[in-house]
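Grab the model and work through these short exercises. Try each task before you read its solution.

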Amino acid sequence: MLRYLARRLLIMIPTLFFTSAIIFTVINLPPSDYFSNYVAEIQAQGEKADTSRIDFLKKEYGFDKPPVQRYFLWVAGLLHGDYGYSFEYQLPVRDVVGDRLYLTMLVSFSTIIFTWLVAFPIGIYSATHQYSWADYGLTTLGLLGLAIPHFLLALLFMYFANSWFGLSIGGLMDPRYLNAPMSWDKLRSILAHLWIPVIIIGTAGTGAMIRSVRANLLEELQKQYVTTARAKGLHPFRTLMKYPFRLAMNFFISDIGSILPSVVSGAELVAIVLSLQTTGPLLVHALQTQDMYLAGSFLMFLATLTIVGVLISDIALAFLDPRIRLQGGSR
């Protein structure tokens, strides 16, 4: 195990290096940059841009240097914990992300817990009552959850809340708490607004997980070791949970690599529609305005979480399923 961990950690170094190179290249592919867009926007409004400030920022952050040199300056800053400067918000990237990261993690973790609490019991029931009316009904609900896009469901929520109850839903807190420090009143406001995005974002994930749990559990229940356990008189619940359900969770454990970055990035379209104060709209806006350090550092953080998540899922699978080994070969 120690050799495996050491090898995987060593592999992560060149992987992150090439990932950072790809991110930097893609962000710099457009012919213009943030400063060119900013000057064009100011001139379109009939105003005069402060060229001295722009020239200072270009020199300060190496935009007067070749792209290769700027890339290594950016990577060196990341290694020292300096994520760069957001030109759009005129703040360090760390300060711009700030509270948005914690709010995003709160929304995402709540959505994941909601998905597990709903999907696992329904998936188990559907698998153990295959082809029953309840199975057909729950499967239909799962398919509806998969078919309806997040942003459309958010728009429907907003429309019916306004037309039926006269409520304006959106945001993660009352407007008066937007720039206020964290307090008990602000926390209560966040919790009061939290359930709407959790239900909307979790709907599609719940539908997908119901189908995955049902399909994997049905496959395990048809195997001979389950028939043997039943023939020996093992309790039905113990027969179900001891091995079939445990092995049916392989897909869930292997998906940790995608869960971790989604916890940080959040559902971007839903966040934009509902005006959520999360990192999703921040990333989209940074890519649109070519705010290089904000977008690049955020994407690099997501890539790191993906790689770490894959490593965690591989280790967890080895402990969960005795048929899986960390390396090839037979005993």
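**Exercise 1: two helices crossing**

In this predicted model, helix α7 (residues 150–165) and helix α8 (residues 184–221) have axes that come within 9 Å and cross at roughly 145 degrees. Task: work out which residues make the contact and how they divide into nonpolar, polar and charged.

Solution. Start with the handedness: α7 passes α8 in a right-handed crossing. Next, list the α7 side, which is H150, L153, A154 and F157. From α8 come I196, I199, I200, I201, T203 and A204. Now sort them: eight are nonpolar, two are polar and none is charged.

**Exercise 2: around S126**

Task: find out whether S126 is buried or exposed, and which residues it touches beyond its neighbours within four places in sequence.

Solution. First, place S126 in helix α5 (residues 93–128). Its relative accessibility is 1%, so S126 counts as buried, the cut-off being under 20%. Then look for contacts: leaving those neighbours aside, S126 touches D135, L138 and R214.

Two of these contacts also pair up, since the side chains of D135 and R214 meet in a salt bridge (2.8 Å, N to O). D135 sits in helix α6 (residues 133–147) and R214 in helix α8, so the pair ties together parts 79 residues apart in sequence. Both D135 and R214 are buried.

**Exercise 3: counting salt bridges**

Task: how many salt bridges does the whole structure have?

Solution. The search finds four. Among them is D185 with R188, their closest N and O atoms being 2.2 Å apart. Another is E220 with K223, at 3.2 Å. Here E220 is buried at 5% relative accessibility, while K223 is partly exposed at 26%.

Methods:
Residues are numbered from 1 along each chain as its sequence is written. This is a predicted model: local features need pLDDT of at least 70, side-chain atom pairs count only at pLDDT 80 or more; totals for chains, interfaces and linings use all residues. Side-chain values use heavy atoms; hydrogens and water are left out. Axes are lines fitted to C-alpha atoms, for helices over the stretch in contact, and angles run from 0 to 180 degrees between N-to-C directions. Helices (H or I, at least four residues) and strands (E, at least two) are DSSP runs, numbered from the N terminus. A crossing is left-handed if the near helix is turned anticlockwise from the far one by less than a right angle, and right-handed if clockwise. Contact means heavy atoms within 4.5 Å. Ala, Val, Leu, Ile, Met, Phe, Trp, Tyr, Cys and Pro count as nonpolar, Asp, Glu, Lys and Arg as charged, and the others, Gly among them, as polar. Buried means under 20% relative accessible area, exposed over 50%, partly exposed in between (1.4 Å probe, protein chains only).
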